[in-house]
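Here are a few short exercises to work through with the model open beside you. Try each task before reading its solution.

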Amino acid sequence: MAKKIKLLDETLRNAQQSLWATRMRTESMLPIADVIDRAGFDTVCVAAGVTFESAAMFLHEDPWERMRLLRRRMPKTRFDVLVRARNLWGWKAQPYDVQTLFLETLLRNGVDSFKLFDGLNDLRNMDHLLAEGLRLGFKVKGFVGFNDSPAHTDAYLAAKAREFVDRGVHALVISDSPGVMQPERAYSSLSAVRKAIGDTELHFHCHTTAGLGREACRQAIRADADVIWTAARPLAWGSALPAARDIAAMAREEGCEVDVDDAALAEIDDWFYWVAHKQGKPVPEEKPFDPAFYQSYVGHQIPGGMISNLVQQLKDRGLEDRLPEVLEEAGRIRQELGYPHMSTPFSQFVGVQAVMNVIQGERYASPPEALRLYARGAFGETIASMDQNIRDRLSEGAAPIDPLEGLDEPVLPKIRAEYGPFESDEDLLLFLFLHPAAYEDFRTHRQPIVSKPRPHPVACLTEELMARKDIGSVEVRHGSDLSLKLKNG
């Protein structure tokens, strides 16, 4: 019997975060939601912490309303959310009562499953959410992040996966978000994890930044992965994820069954091509593997969006020519800090400190307070041991900090008393997602979510043609052969 491969769709979350800075409006999602619902995805990821922030702060849309509207149009599909450990969002750890309220509110708004991620793979930072998720009836996925480093061995990944399974998760995710996992490494890592977790469902997530994603997915399938994360073609490849239709075709080449509706996948691709065109978004090409780029990138593994920020910081000081020096320094800092996962906030720790070290000409001369807290253990146990000299310099002899200290002290009664009343739990959580000024700005400028029917392709073509200055009229004839008659103005 052929093995079945399932696809988890990340178009509305990770893909648009990677390529569109999480700026996709709900009106671009709703018209295609019914097609996504019948496409046959195992799960569709609809949100993460950054989704809530970006929707409210930059688009002035209510992300909870978005979730409910999507749920109404996708009644058959299991909804998924990425939960960033005890922080939920941002850099600040949230108390246990906030963590529980967040999960309860996700459940009430139609979310069925969530994946738990911590940038240090420290399960202590996830234990409360994991236990509460199981209590509430979610399908809970443990998320083990991979970066290329001496610390991220197959044995390390397998041991972390086993920790999650021992705590009762329903599925395990191996995630290569930097996109640096070589295909042969994907096979050995997934094989080791499969052996460690037995029959527990195994997911593979990778970005395609270095041109390795396609073959890494193939090797993950050969190593007995169950679910591959994908996206619609216009939001795939580049620095995002592999395209759904390409992975479905690959899985079938490997002799696997993929129970997706290929016509629906094509329709989804067509829609997002149209959205990308209307919004002026480029559609990335699949990158070939470039050994030179790989060698320059694998040392620091700073996400592309973060690099653009570093370039701007240097440009503001007339030092843009020193970017290679900054990236080399970032690789050194990443090693000294114990190889944290290069995502928020740790990619910022590494990148900002690299810029400061280069500009100031002295290493760690004025480190941010958050980095000092990191050295004292406030964010959790590092993946590899920190360089002791750097730890001593950053901590300045201060006592270690328990990352869970104070999280059992309720804060919701105080928040409601000082800042309420709130219209709902959803409203209260939006207040916490945003700082007070941003929350008031959202309340003042909140935009209604417009739900329009999906236009017919011929209507879209006609609209585009009529917008051209050299065309005065468009004639559409319906029949066995569709023809357009254009008259110059």
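**Exercise 1. Find the residue just after helix 15 that takes a positive phi, and then describe the helix before it.**

Step 1. In this predicted model, the residue to find is G361, with a phi of about 75 degrees.

Step 2. Helix 15 itself covers residues 346–360, 15 residues in total. From first C-alpha to last it reaches 21 Å, close to the 21 Å expected at 1.5 Å a residue.

Step 3. Now look at burial, where the cut-off is under 20% relative accessible area. The buried residues of helix 15 are F346, S347, F349, V350, G351, Q353, A354, V355, M356, N357 and V358.

Step 4. Because 11 of its 15 residues are buried, helix 15 is largely enclosed by the rest of the structure.

**Exercise 2. Work out how helix 8 and helix 9 are arranged, and which residues join them.**

Step 1. Take helix 8 as residues 183–197 and helix 9 as residues 213–222; their axes come within 8 Å and cross at roughly 25 degrees.

Step 2. Angles under 35 degrees count as roughly parallel, and therefore helix 8 and helix 9 are roughly parallel to each other.

Step 3. Their crossing is right-handed.

Step 4. Helix 8 contributes P183, A186, Y187 and L190 to the contact, while helix 9 brings E215, A216, Q219, A220 and R222.

Step 5. Sorted by class, this contact of helix 8 with helix 9 holds 6 nonpolar, 1 polar and 2 charged residues.

**Exercise 3. Do the same for helix 3 and helix 4: what is the angle at which they pack, and which residues meet?**

Step 1. Helix 3 (residues 49–57) and helix 4 (residues 63–73) have axes 9 Å apart, at an angle of about 110 degrees.

Step 2. The range from 65 to 115 degrees counts as roughly perpendicular, so helix 3 is roughly perpendicular to helix 4.

Step 3. On the helix 3 side the residues are T51, F52, A55 and A56, and they meet P63, W64, R66 and M67 of helix 4.

Step 4. By class, the contact of helix 3 with helix 4 divides into 6 nonpolar, 1 polar and 1 charged.

**Exercise 4. Is T100 buried or exposed?**

Step 1. Locate T100 in helix 5, which spans residues 96–108.

Step 2. Its relative accessibility is 12%, so T100 counts as buried.

Step 3. To see what surrounds T100, leave out residues up to four places away in sequence: T100 then touches H128, E132 and R135.

How values were computed:
Residues are numbered from 1 along each chain as its sequence is written. This is a predicted model: local features need pLDDT of at least 70, side-chain atom pairs count only at pLDDT 80 or more; totals for chains, interfaces and linings use all residues. Side-chain values use heavy atoms; hydrogens and water are left out. Helices (H or I, at least four residues) and strands (E, at least two) are DSSP runs, numbered from the N terminus. The expected span of a helix is 1.5 Å times one less than its number of residues. Buried means under 20% relative accessible area, exposed over 50%, partly exposed in between (1.4 Å probe, protein chains only). Axes are lines fitted to C-alpha atoms, for helices over the stretch in contact, and angles run from 0 to 180 degrees between N-to-C directions. Angles under 35 degrees count as roughly parallel, over 145 as roughly antiparallel, 65 to 115 as roughly perpendicular and the rest as oblique. A crossing is left-handed if the near helix is turned anticlockwise from the far one by less than a right angle, and right-handed if clockwise. Contact means heavy atoms within 4.5 Å. Ala, Val, Leu, Ile, Met, Phe, Trp, Tyr, Cys and Pro count as nonpolar, Asp, Glu, Lys and Arg as charged, and the others, Gly among them, as polar.
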